[in-house]
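User: I would like a close look at one part of this protein, set against the fold as a whole. Please take your time and keep the argument connected.

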Amino acid sequence: MHFIDLKDTFKKQLAPGVTSSLAWGDKLMLSVVELDPGSTVPMHSHPHEQAGIVLEGEFDLTIGGETRRVQKGDMYIIPGGVEHAAVTGEGKAVTLDIFHPVREDYKT
């Protein structure tokens, strides 16, 4: 499958108010994450490398103990094994995350 319609992707709730639309190949995974106002992705880590870009809105992103407000156009890279979390304010946010390797735990 070379072309993917976002509305047809597999959806996974990552936390209350946080939903991911997922697509993957053999070696990487795309995750369009919608974060409702006032939602939180709790502090966590995983062995996968994660890179992202904020597509809409803004949120506070903590990576390895450092917190920054990220907004549309901002990018980030989270090495595997590094703890990170996200918290939205009063507005909705959308981000595109890319994982390598594919997160098998997100496929179910």
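What percentage of the 108 residues of the protein count as buried? With that as background, please look closely at Gln50 in strand β5, and then at a few other sites for comparison.

Analyst: In this predicted model, 34% of the 108 residues of the protein count as buried. Before turning to Gln50, it helps to set out the frame in which that residue sits.

The protein has ten strands and zero helices, so that reading along the sequence one meets β-β-β-β-β-β-β-β-β-β. The radius of gyration is 13 Å, close to the 13 Å given by the globule rule for 108 residues, and the protein is therefore as compact as a globular protein of that length. Along the principal axes, the C-alpha trace spans about 35 × 30 × 25 Å. Among contacts between residues at least 6 apart in sequence, 61% join residues at least 24 apart. The accessible surface comes to about 6500 Å², and carbon and sulfur atoms account for 56% of that area. As for charge, the mean position of the 10 positive charges and that of the 16 negative charges lie 4 Å apart.

Now to the part you asked about. Gln50 belongs to strand β5, which covers residues 49-56, and its relative accessible area of 6% places it among the buried residues, because the cut-off for that class is under 20%. The side chain of Gln50 is joined to the side chain of His46 by a polar contact of 3.1 Å. Once neighbours within four places in sequence are left aside, the residues in contact with Gln50 are Tyr76, Ile77, Ile78, His84, Asp97, Ile98 and Phe99.

Strand β10, residues 93-100, holds a second buried site that can be read in the same manner. Val94 is located in β10, and with a relative accessibility of 9% this valine counts as buried. Not counting residues up to four places away in sequence, Val94 touches Val32, Val33 and Glu34, and also Val54, Leu55 and Glu56. Pro79, by contrast, is 15 residues from Val94 along the chain, and the C-alpha atoms of the two are separated by 21 Å.

After β10 comes the segment that contains Pro101, and the peptide bond leading from His100 into Pro101 is cis, with omega near -5°. As background to that assignment, most peptide bonds are trans.

Two partly exposed sites complete the comparison. Gly17 lies in the loop between β1 (10-15) and β2 (18-24), and its relative accessible area is 25%, which makes this glycine partly exposed. Beyond its neighbours within four places in sequence, Gly17 is in contact with Glu34, Leu35, Asp36 and Ser39, while Ala51, which is 34 residues away in sequence, is 21 Å away in space when taken from C-alpha to C-alpha.

Ile4, finally, is placed in the segment before β1, and it too is partly exposed, with a relative accessible area of 45%. Apart from residues up to four places away in sequence, Ile4 touches Thr9 and Ala23. The C-alpha atoms of Ile4 and Leu22, which are 18 residues apart along the chain, are separated by 9.9 Å.

To return to the site you asked about, Gln50 is a buried residue whose side chain has a polar contact with that of His46, and whose contacts beyond four places in sequence include Tyr76, His84 and Phe99.

How values were computed
Residues numbered from 1 in each chain as written. Predicted model: local features only at pLDDT ≥ 70, side-chain atom pairs only at ≥ 80, totals over all residues. Heavy atoms only, no water. Helix = DSSP H or I, 4+ residues; strand = E, 2+ residues; numbered from the N terminus. Rg over C-alpha atoms; globule rule 2.2 N^0.38 Å. Buried < 20%, exposed > 50% of the residue type's maximum accessible area, 1.4 Å probe, protein only. Contact = heavy atoms within 4.5 Å. Areas by Shrake-Rupley, 256 points an atom, 1.4 Å probe, with all protein chains shown as cover. Lys, Arg positive; Asp, Glu negative; His and termini not counted. Charge placed at Lys NZ, Arg CZ, Asp CG, Glu CD. Polar contact = N/O pair within 3.5 Å; in protein donor to acceptor, adjacent residues only side chain to side chain.
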